[in-house]
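Q: Could you walk me through this one before I set anything up with it?

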Amino acid sequence: MDVLSNLAQGFATALTPINLFYALAGAFIGTIVGVLPGIGPLGSMAILLSFTLNLDATTAMIFFAGIYYGSMYGGSTTSILLNIPGEAASVVTCIDGYKMAQKGRAGAALTVAAVGSFVAGTLSIFGLIFAARALADAALKFGPPEFFAIGLVGLVLLVRLSGGSLLKNIIMVLLGLALGTVGSDHLTGLERFTFGVSELGQGVEFLPVAMGLFGIAEVMLTAVEKEGVYELIKVRLRELLPTLEEWRRSIGPMIRGSILGFFIGLLPGPSPVISTFVSYITERRLSKHPEEFGEGAIEGVAGPEAANNAAVGGAYVPLMALGVPFTPAMAVVVGALMLHGITPGPTMMQERPELFWGVVASMYIGNFMLLVLNLPLVGLFVNILKIPKYLLLPLIVLLCLVGVYSVNSSYVDLFVLGFFGIVGFFLRGKGFEPAPMVLALVIGPMMETALRQSLMSSHGNIAEMVFRPIAGSLYLAAALAIIISLVVRRIKAKASQQNMSV
Amino acid sequence: MHERVIAVGLIIFSAIYLLGSIQLSVGSLAQPGPGFMPAVIATALLVATTLNAYHTFKKQQNNEAQEEGLLKPLAIGAVTLSYPFLLRPLNYLTATFLVMFILFCIFRVRTPLFSLLLSLIVTLLSFIIFSRLLGVVLPAGPLEDMILRL
């Protein structure tokens, strides 16, 4: 009853005209971002972060939730119609979605993707309500050792799951942690690595670093790519309806994808991307017609599309309950909350219930808006790809510059933006993923304070810090996850070696 | 070549960071000081970057003749870095116009005249949108005041 009344309150908050407008605007912008390859939800959220300063915190969160959901859905449109994944999380949709489009079933694929996203969004919201509440209640009993354990385990899993080189991911995490130590020491007030620049006393701001690494670096990387020529498969409105058989085959994958996506979303790292691959493999294994996968199986669209949207809901759980972002996009959400003077964490649900429940309700509304907005406007969204690069890229640079300046009116922040743009260009070009660095920068200061408080209270006894029920379980779970992934990797390597020799 | 430069650059950064950390008060396990966490991170970073450099130098280098391809992105980076230095003395309109014009030229927008016009329109529009509609406080001088009064 408590949940229902809170949810009703949340809907009352989300359904105000201003919040409805921002939910719609977020879903619309998110879809555009999802359609365009490159910028990504993180880049767009980072760029738009500063422009939410004048908004109420709840409205800003509603706006970001819309962008995140919209970008997940927008990526699928280009995957199906053009075989171009706007987002990494839409790569899997290309496999069967584009094949369906080639067979004249583009409309059905788009509708199933939209409905799958809606179903997943709805189910994951219920997951978020219950999981976040349970976790937040438990988190009220957490002390510094537990928070350090959460941060450390999160970063370890992030390094393992981020893809690419393990060593490079470790370096990026350590660089992020190093950046997090710039500024006044939280416990003693001593200035560290500020080189006499007073503006660095508050630490390196997250926003210019994220926008440099994701926005400016992306523009620099895209500048050297050749402009694509796109041939669009046209879809008429009457072709959007799937057949009864297609519906029947899609329901199971949608529900399974939602559940898988939600739980994978709880993990640190690129959970929406991982969830699509897991869902695709699961559906192929469960299917009575595995031979159709790769040739236009509707299950290959329904499952992954549901999974990537559900993962977004899952990613909100650690943020809302613990105040710890496990994905870079959630780190931007933390940045937005901080800008509005709100520290996310276990007490947020009690102190700012209208914020938590308003966001939950707006996610539902955002999902509904995506459903009604995106299908009729498919043609418009895909035509966005025709905007020439020479117009789009300078505008992104301008948005980054003004966006960063507007937060603190700081010239140092602008310099940090440019510096990390160049750093990001070189590092990303050589396979260094920026996401672990950004997350470590956000989590790092919290981890440092927790570590030092834990050591001081345990008089330097590390065992006392580690062998506690919750912290110990977390370390054990992380160790198991690493061991299992190493064993799986070894088995796969052996199997491929045997195949080669045969 | 670039990969090796990056690998060496990362080691240099780690070493400097380690030196800086040690100069802060590291403290002990029971009383960790402000330099404790930086020292731990720096040590791990130095080990990781050294390992990375070892792998990079061991690898056979592909002939990365990409210097030409670097020109455009580096020019974009340089323009972005120069923006704060232009913004302070020139204020928003002039600084942004210059930066946009250079960016449009870098991206080879049809003709220089077209770039000029486009930069002018984008600068003016962005000023009106950010300053008027979104309430962003941008560095303003007589030119900006004049536009705001219109």
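**Notes on the two chains**

Q: Start with domains: how far apart are the centres of domain 1 and domain 2 of chain B?
A: The centres of domain 1 of chain B and domain 2 of chain B, taken over C-alpha atoms, are separated by 39 Å. This is a predicted model.

Q: Where do those domains run?
A: The assignment for chain B puts domain 1 at 2-58 and domain 2 at 69-149.

Q: What secondary structure is in chain B?
A: Chain B has 5 helices and 0 strands, and along the sequence the pattern reads α-α-α-α-α.

Q: What is its radius of gyration against a compact globule?
A: Chain B has 24 Å, where a compact globule of 150 residues would be near 15 Å. Its C-alpha atoms fill a box of roughly 65 × 50 × 25 Å along the principal axes.

Q: And burial and contacts in chain B?
A: Of its 150 residues, 33% count as buried. Looking at contacts in chain B between residues at least 6 apart in sequence, 50% join residues at least 24 apart.

Q: Now chain A. How many helices and strands?
A: Chain A comes to 21 helices and 2 strands. Its radius of gyration is 22 Å, close to the 23 Å from the globule rule for 502 residues, so chain A is as compact as a globular protein of that length.

Q: Same follow-ups for chain A, please.
A: The C-alpha box of chain A is roughly 65 × 60 × 50 Å along the principal axes. Buried residues make up 59% of the 502 residues. For contacts in chain A with a separation of 6 or more, 81% are between residues 24 or more positions apart.

Q: What scores does the predictor give the complex?
A: An ipTM of 0.92 and a pTM of 0.81.

Q: And how confident is chain B by itself?
A: Its mean pLDDT is 88, with 93% of its residues at 70 or more. Among the elements of chain B, helix H2 (residues 36-58) has the highest mean, 94, and helix H5 (residues 142-149) the lowest, 85.

Q: How many residues does each chain put into the contact?
A: Chain A gives 49 residues and chain B gives 49 residues.

Q: Which elements of chain A give two or more residues to that side?
A: Helices H8 (166-180), H9 (206-223), H17 (389-408), H18 (411-429) and H19 (434-457) of chain A. The largest share, 11 residues, comes from H18(A).

Q: What is the make-up by class?
A: The side of chain A that touches chain B has 33 nonpolar, 9 polar and 7 charged residues.

Q: Any odd backbone angles I should look at?
A: Most residues other than glycine have a negative phi. Phe195(A) has a positive phi of about 50° and is not a glycine. Phe195(A) lies in the loop between strand S2 (191-192) and H9 of chain A.

Q: Is Phe195(A) buried or exposed?
A: Phe195(A) counts as exposed, because it has 8 C-beta neighbours inside 10 Å.

Q: Anything similar in chain B?
A: Asn91(B) has a positive phi near 70°. Asn91(B) lies in helix H3 (residues 67-106) of chain B, and with 18 C-beta neighbours inside 10 Å it counts as partly exposed.

Q: Last one: where is Ser485(A)?
A: Ser485(A) is in helix H21 (residues 469-501) of chain A. Ser485(A) has 13 C-beta neighbours inside 10 Å, so it counts as partly exposed. Arg160(A) is 325 residues away from Ser485(A) in sequence, but their C-alpha atoms are 8.4 Å apart.

Technical notes
Residues numbered from 1 in each chain as written. Chains lettered and ligands numbered in written order. Predicted model: local features only at pLDDT ≥ 70, side-chain atom pairs only at ≥ 80, totals over all residues. Helix = DSSP H or I, 4+ residues; strand = E, 2+ residues; numbered from the N terminus. Rg over C-alpha atoms; globule rule 2.2 N^0.38 Å. Buried ≥ 20, exposed ≤ 12 C-beta atoms within 10 Å, placed from the backbone. Contact = placed C-beta atoms within 7 Å. pLDDT = per-residue confidence, 0-100. Nonpolar A, V, L, I, M, F, W, Y, C, P; charged D, E, K, R; others polar. Domains from an automatic or database assignment.
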